[in-house]
Amino acid sequence: MVDIKDYSVAQVAFDDALQDKYFEGIAAELENVVPRARTRRSTSTLGAVSSDSSAKGLGASVVGPSLVVFDQALSEEDRQDALDCQQFAEAVVRRLPNETSNEDRYKKYNEALLAVGWVTESFTYKKYVSKKLTITMNEAILQVLETVVSGGASSVLNLVASGFSTLKGDKDALKIVDAGSKKNDVVSFKAVPCITTPGGGMSMLMGGLDLVDKEYNGNFLFVTYKTQGLQVFQGAGVRKFNRLAFERKKNMVYAYNDQFADGLFKQLTGQ
């Protein structure tokens with residue numbers, strides 16, 4: 001591969017004033033639309049997940065072009081909050097113009113997550129032209145994710161691999177994954193495992209891969225994909241959840257999701 005850009009972003013701390021300023025913009029967006037009826041919360045079915053769900057890959061969900069999976073030690077409240085935040089960030093990105101660059105899409109995604117309490121501990125991204133003839137997208141994403149996994153790497157990667165296995169058999173979820181990429185020239189997907197931290201909090205890891213392909217016509221995740229000469233963008237990051245920050249603005253997050261996140265979420269069933 002030939003590197004074009006390779007960036008590393010330092011830890012970004014949470015700031016109340018910056019959060020307030022960010023949500024002034026969100027409030028303005030909401031004022032310009034007719035309020036929609038409150039929708040069912042994204043994780044309303046999580047309470048039915050069995051205690052051995054980690055072995056079966058259950059509890060995983062798609063949120064737009066993202067696979068979100070959970071450490072089974074996380075509470076239902078943790079998982080619900082994580083999914084609400086991921087829906088919010090993906091809804092913000094979905095509203096961007098089609099011509100928005102990969103860098104700007106990730107910038108807006110990161111800004112949205114920080115605004116709802118996910119403090120960035122690290123984020124790196126790389127942009128290059130691929131010399132590889134082919135890749136298998138889901139396997140390549142696991143390799144990207146591995147760059148930010150430290151202790152317990154195998155359990156995290158196994159959790160994501162199990163989620164991929166369940167997603168592969170869920171046709172409705174795959175339609176959600178595919179929909180965003182069909183709207184522009186970028187084939188995009190993220191793996192987002194949420195895990196417990198040693199101090200009892202919650203961390204969100206992310207490994208994402210985007211391919212700029214003007215000839216894309218669907219079905220990219222579990223097939224061998226021709227990549228030679230394509231522009232590739234990969235991102236990887238670690239974030240820690242600040243629940244107090246989320247609580248300050250959670251009602252606006254719910255309102256935004258009700259308005260703009262329709263069709264982004266599905267709990268995986270493997271069918």
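Strands here are DSSP runs of E of at least two residues, numbered from the N terminus. With that in hand, a good place to start is Asn-219, which is found in the loop between strand 7 (202–212) and strand 8 (224–226). The model you are looking at is predicted, so everything below should be read in that light.

**The loop after strand 7**

Asn-219 counts as exposed because its relative accessibility is 56%, and the cut-off for exposed is over 50%. In sequence Asn-219 and Leu-174 are 45 residues apart, while their C-alpha atoms are 8.5 Å apart in space.

The loop between strand 7 and strand 8 also holds Asp-213. Is Asp-213 buried or exposed? Asp-213 counts as buried, because its relative accessibility is 14% and buried means under 20%. Its side chain makes a polar contact of 2.6 Å with the side chain of Tyr-225. Neighbours within four places in sequence aside, Asp-213 is in contact with Asp-185, Tyr-225 and Leu-230.

**Ser-188 in strand 6**

Let us move on to strand 6, residues 186–196, where Ser-188 lies. Ser-188 has a relative accessibility of 15% and so counts as buried. Which side chain does the side chain of Ser-188 join in a polar contact? The partner is Asp-210, at 2.9 Å. Asp-210 also appears among the contacts of Ser-188 beyond four places in sequence, together with Pro-65, Ser-181, Leu-209 and Phe-220.

**Helices that pack on helix 4**

Two helix pairs involve helix 4 (residues 102–115). Such pairs are described by the angle between the axes and the distance between the axes.

| Helix pair | Angle between axes | Axis distance | Handedness |
|---|---|---|---|
| Helix 3 (residues 76–94) and helix 4 | about 145° | 9 Å | right-handed |
| Helix 1 (residues 16–31) and helix 4 | roughly 115° | within 9 Å | left-handed |

For helix 1 and helix 4, the contact is made by Gln-19, Tyr-22 and Phe-23 on the helix 1 side and by Glu-111, Ala-112 and Ala-115 on the helix 4 side. The crossing of helix 3 and helix 4 is right-handed. Here helix 3 brings Cys-85, Gln-86, Phe-88, Ala-89, Glu-90, Val-92 and Val-93 to the contact, and helix 4 brings Arg-105, Lys-108, Tyr-109, Ala-112 and Leu-113. Ala-112 of helix 4 is thus named in the contact with helix 1 and in the contact with helix 3.

**Rings and charges**

The structure holds 15 aromatic pairs. In one of them, Tyr-22 and Phe-23 meet edge-to-face, with 5.6 Å from centre to centre and 70° between the planes. Tyr-22 counts as partly exposed because its relative accessibility is 22%, whereas Phe-23 is buried, with a relative accessible area of 2%. Which residues do ring pairs link into a cluster with Tyr-22 and Phe-23? The cluster also takes in Phe-88, Tyr-256 and Phe-260.

Phe-260 has a charged partner too: the charged end of Arg-95 sits over its ring, 3.8 Å from the centre. Elsewhere, Lys-190 lies over the face of Tyr-106, 5.8 Å from the ring centre.

**The chain as a whole**

Stepping back, the chain has eight helices and ten strands. Of its 271 residues, 52% are buried. Among contacts between residues at least 6 apart in sequence, 81% join residues at least 24 apart.

Terms used. Residues are numbered from 1 along each chain as its sequence is written. This is a predicted model: local features need pLDDT of at least 70, side-chain atom pairs count only at pLDDT 80 or more; totals for chains, interfaces and linings use all residues. Side-chain values use heavy atoms; hydrogens and water are left out. Helices (H or I, at least four residues) and strands (E, at least two) are DSSP runs, numbered from the N terminus. Buried means under 20% relative accessible area, exposed over 50%, partly exposed in between (1.4 Å probe, protein chains only). A polar contact is a pair of N or O atoms within 3.5 Å; within protein, one must be able to donate a hydrogen and the other to accept it, and residues adjacent in sequence count only if both atoms are side-chain atoms. Contact means heavy atoms within 4.5 Å. Rings of Phe, Tyr and Trp (its six-membered ring) pair if their centres lie within 6.5 Å; planes under 30 degrees apart count as stacked, over 60 as edge-to-face and the rest as tilted. A charge sits over a ring if NZ of Lys or CZ of Arg is within 6 Å of the ring centre and within 35 degrees of the ring normal. Axes are lines fitted to C-alpha atoms, for helices over the stretch in contact, and angles run from 0 to 180 degrees between N-to-C directions. A crossing is left-handed if the near helix is turned anticlockwise from the far one by less than a right angle, and right-handed if clockwise.
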